[in-house]
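Trainee: Could we walk through this structure together? I would like to learn how to read it step by step.

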Amino acid sequence: MNRRARTAALTAATVMALSAALTVPATAAGPVAAPGGHDATKRAVRAAVADGVPGVTVTVRRGHGTWAATAGVGNLKTGKPRSTRDHYRIASITKTFVATVVLQLEAEGRLSLDDTVEKWLPGTVRGNGHDGGRITLRQLLNHTSGIFDYLRDADFQQKYMTADGFMRHRFDRATPEDLLAIAMRNEPYFKPGESFTYSNTNYVLAALVIEKATGNDDYGDEIDRRIIEPLHLTSTSVPTTRVTLPRPSSRAYSKLARETTGPTYDVTELNPRLAYGSGQMVSSSADLTRFYSALLGGRLLPPEQLKKMRTTVESSRDTSRYGLGLVDRKLSCGVHVWGHDGGIYGSNSDAVTTANGRHTLAVNFNGDWSGSTDAIIEAEFCGK
């Protein structure tokens, strides 16, 4: 068995982005300074805490230098500050790891992006208009499959995304097949290839394809072997059933409601398998900067596969386009950064890098109802 220190999370393309007021400022800079200043980034981090985020941790890698900082608290009860070494649930950032493994398998000749889902997972994508025989692996990875997102199912949301439901079901065990059954009882959004709609179901399927193509019964072992171990990502894992986070870590907080007021819940512990390949992983800001720097720097994929990963389609945001598990985001100053964001109860994260992988940022909020990771990215790369 490969190293599995696993811990992770539910996912959330639909985590509630709300607003509230929990203001606890405090900053700490990391010991190693990257060339150039980060004054605008520091101000943006403090502003997120002033806006209501309990705490922030951020790491920037530029060339061979690293800068890190925190603001706010990691524990509302004790006032303990956040750490630059915090482990946290990265949610949909997991998708870049999954897509990387699929593209590695293509480079090895073990599958093709033009293969259909039906070829690898016969009978899995059927019902209510879904047809796996018409959907390619590429369409899974760039969200043009039209497959319904299981997170948007009304019963799933009632069971897991309300305060009462979450508290009763946060430790439930669900299989990928359970999640796919939820998706298949709903109609697809559109015919394959006709449009773009972000769907977590796509990456549950992509993880199952990895298992089928490799003969490994856990896609996480492939992420371990192919990415985590070679890059020495010592704070990164694909958890199985452990409900706690590795240390050091902060508590994670949510309103568990769409309202901007009301009680704040500690949602740190939950079952990690309710997301599977769509958002199951745990990492740290330092590890995420190392991963994205290596990926865009060409250390994980051959040029042909990296080019395919960076081939984008229109997304639901005017300022970004979606590749294969990778987002191309145009900032206000014209700079393009590549990466992914991830949201889950109590955790909002973002990780981006320049096209050459030489300037990378990863940031995490331990609250899900206020603040903007976009503002921190703009501050670092545009100086405002």
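Mentor: Gladly! Let's begin with a definition we will need for hairpins: two strands pair if DSSP finds at least two bridges between them. Please keep in mind that this is a predicted model.

Trainee: What is the mean pLDDT of the chain, and over which residues is the pLDDT below 50?
Mentor: The mean pLDDT of the chain is 90, and 90% of its residues reach 70 or more. One stretch has a pLDDT below 50, although the model gives this stretch 157 contacts beyond near neighbours in sequence. That stretch is residues 1-35.

Trainee: Which residue in the turn between strand 13 and strand 14 has a positive phi?
Mentor: Start with the pairing: strand 13 and strand 14 (residues 347-353) run antiparallel over seven bridges. They form a hairpin with two residues between them. The residue in that turn with a positive phi, about 80°, is Gly 346.

Trainee: What are the partners of Gly 339 in strand 12 and strand 14?
Mentor: Strand 12 (residues 327-330) pairs with strand 13 in the antiparallel sense over four bridges. Gly 339, in strand 13, is the bridge partner of Val 327. Towards strand 14, Gly 339 stands opposite a valine too. The two partners are Val 327 and Val 352.

Trainee: Which residue takes a positive phi in the hairpin of strand 12 and strand 13?
Mentor: This hairpin has five residues between the strands. The residue there with a positive phi, near 95°, is Gly 334.

Trainee: Why is strand 13 described as largely enclosed?
Mentor: Here the cut-off helps: a residue is buried when its relative accessible area is under 20%. Strand 13 spans residues 336-344, and because most of them are buried, the strand is largely enclosed by the rest of the structure. The count of buried residues is seven of the nine.

Trainee: How many residues of helix 12 are buried, and what do they pack against?
Mentor: Helix 12 (residues 373-382) is mostly covered, with eight of its ten residues buried. Among them are Ile 376, Ile 377 and Phe 381, along with the charged-type names you might look for, Glu 378 and Glu 380. The buried residues pack against helix 1, strand 2, strand 12, strand 13, strand 14 and strand 15.

Trainee: Which residue has a side-chain oxygen reaching a backbone nitrogen at the start of helix 12?
Mentor: The backbone nitrogen belongs to Asp 374, and the oxygen comes to within 3.2 Å of it. At the other end, just after helix 12, Gly 383 takes a positive phi of about 75°. The residue that supplies the side-chain oxygen is Ser 372.

Trainee: What is the volume of the largest cavity?
Mentor: The model has one cavity of 30 Å³ or more. Of the 13 residues lining the largest cavity, the closest to its centre are Tyr 88, Leu 245, Ala 252, Gly 346 and Ser 347. Its volume is about 70 Å³.

Trainee: Is Thr 201 buried or exposed?
Mentor: Thr 201 is found in helix 8 (residues 201-214). Beyond its neighbours within four places in sequence, Thr 201 is in contact with residues including Phe 148, Tyr 150 and Leu 180. Its relative accessibility is 0%, so Thr 201 counts as buried.

Trainee: Which elements help to cover the buried residues of helix 7?
Mentor: In helix 7 (residues 176-184), the buried residues include Leu 179, Leu 180 and Ile 182. Their cover includes strand 5, strand 6, helix 5 and helix 8.

Trainee: What is the C-alpha to C-alpha distance between Ala 91 and Met 281?
Mentor: Ala 91 sits in the loop between strand 4 and helix 2, and its phi is positive, near 50°. With a relative accessible area of 0%, Ala 91 is buried. Ala 91 and Met 281 are 190 residues apart in sequence, yet their C-alpha distance is 6.3 Å.

Trainee: Is Asn 128 buried or partly exposed?
Mentor: Asn 128 lies in the loop between strand 5 and strand 6. Its phi is positive, about 55°, although it is not a glycine. At 42% relative accessibility, Asn 128 is partly exposed.

Trainee: Which peptide bond is cis, with omega near -5°?
Mentor: Most peptide bonds are trans. The proline of this bond, Pro 248, is in the loop between helix 9 and strand 7. The cis bond runs from Arg 247 to Pro 248.

Terms used: Residues are numbered from 1 along each chain as its sequence is written. Side-chain values use heavy atoms; hydrogens and water are left out. pLDDT is the predictor's confidence in each residue, from 0 to 100. Contact means heavy atoms within 4.5 Å. Buried means under 20% relative accessible area, exposed over 50%, partly exposed in between (1.4 Å probe, protein chains only). A polar contact is a pair of N or O atoms within 3.5 Å; within protein, one must be able to donate a hydrogen and the other to accept it, and residues adjacent in sequence count only if both atoms are side-chain atoms. On a 1 Å grid over the protein atoms alone, a cavity is a set of points where a 1.4 Å probe fits but cannot get out, and a pocket is an open set with protein on both sides within 12 Å along at least five of seven lines; lining residues have an atom within 4 Å of a point. Grid points are joined across faces, edges and corners, and a volume is the space filled by probe spheres set on the points.
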